[in-house]
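Here are a few exercises to try with a protein model on your screen. Take each task in turn, then compare your reasoning with the worked solution.

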Amino acid sequence: MLVEQYFINIHPLRAFAFIHKPSFLQRLDAETSNHHNHALLHVICALGAQFYTLSYSETTAPLEPKFVLFAGTQWAKIAQSLILETIDRVTIESLMAAVLLHDHAVRLGNYANAFMLSGLTTRMTQALQINLEYNTDILCQDTDNGLPVTAKESRRRLMWSCYIMDALVGSGVDQLTLMDERDIKIQLPCNERNFIQHIPCLTESLSPGSRLKVLPEDSDTKTLLPNMGIMAYFIRHISIRKRVLRLPRMA
């Protein structure tokens, strides 16, 4: 129930849709044990618990707003402990958990923790090098080598989510911004249909009308825009916002 609440209420927001829901649920059903070391699952439950208790409060019995807000906090604490315990073994899932922990901390008003988590996520992206495409086989034509299409798309979406976090934390202050758009050499997220249905596709990169330089010259560019979903345009919106905030203030 908590995982479903997460996917209903958090997954569609901003750029949090980096988990491939069918694969995640399938794996969750298959793994009947070892959930106690699953940081990502803990923070998903922590976020889902807030919306579950909110729904309960509205439909069954009224609950105190503070109780709703802090529902699942212990799960979030466990998730953070698990991430810090394995800080020398960074994985895609631990980075996903750190991104969601940042959102959880912001929701609780724990801005100091959120600020430190934002710096941690940036270092984790650098350690994983997800600012670069996994390989040049963007359309996953070589099925014997590399990652599945959904795994590659998850990496892209996760990187862009970290970029958005960094841009929002920085708010136009260079000293607080740790990421440079010029170092992000991946395409924008595809639409949700292609992601859910394991359909590899090409999209534009951050600058409108641009594409990855690793693509062959004869690549079909007519489908680049149709393949892009709302998340891609939100990322461009954040990029514009970042540039506007960095403009000199008028006297």
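The exercises below go from the overall fold to single residues.

Before you start, note that this is a predicted model, in which local features need pLDDT of at least 70, side-chain atom pairs count only at pLDDT 80 or more, and totals for chains, interfaces and linings use all residues. Residues are numbered from 1 along each chain as its sequence is written, and side-chain values use heavy atoms, with hydrogens and water left out.

**Exercise 1. Describe the secondary structure and the compactness of the protein.**

Step 1: Look for helices (DSSP runs of H or I, at least four residues) and strands (runs of E, at least two), numbered from the N terminus. The protein has 10 helices and zero strands.

Step 2: Turn to the radius of gyration, taken over C-alpha atoms, and to the globule rule, 2.2 Å times the number of residues to the power 0.38. The protein has a radius of gyration of 19 Å, close to the 18 Å that the rule gives for 251 residues, so it is as compact as a globular protein of that length.

Step 3: Add the extent: the C-alpha trace spans about 60 × 60 × 40 Å along its principal axes.

**Exercise 2. Work out how much of the protein is buried, and which contacts link it.**

Step 1: Apply the classes: buried is under 20% relative accessible area, exposed is over 50%, and partly exposed is in between (1.4 Å probe, protein chains only). Of the 251 residues, 47% count as buried.

Step 2: Take contacts (heavy atoms within 4.5 Å). Among those between residues at least 6 apart in sequence, 70% join residues at least 24 apart.

**Exercise 3. Explain why Cys 140 forms no disulfide, then examine Cys 190.**

Step 1: Recall that a disulfide is a covalent bond between the sulfur atoms of two cysteines. Here the test is a pair of cysteine sulfur atoms within 2.5 Å, and the count comes to zero disulfides.

Step 2: The closest cysteine sulfur to that of Cys 140 belongs to Cys 201, 9.8 Å away, which is too far for a bond. Cys 140 counts as buried, at 17% relative accessibility.

Step 3: Cys 190 is in no disulfide either, and its nearest cysteine sulfur, that of Cys 201, is 4.3 Å away. Cys 190 is buried, at 4%.

**Exercise 4. Place Gln 129 and Ser 171, and give their phi values.**

Step 1: Gln 129 sits in the loop between helix 7 (111–128) and helix 8 (149–170). Although Gln 129 is not a glycine, its phi is positive, about 55°.

Step 2: Ser 171 belongs to the loop between helix 8 and helix 9 (192–196). Its phi, near 50°, is also positive in a residue other than glycine, and Ser 171 is partly exposed at 30%.
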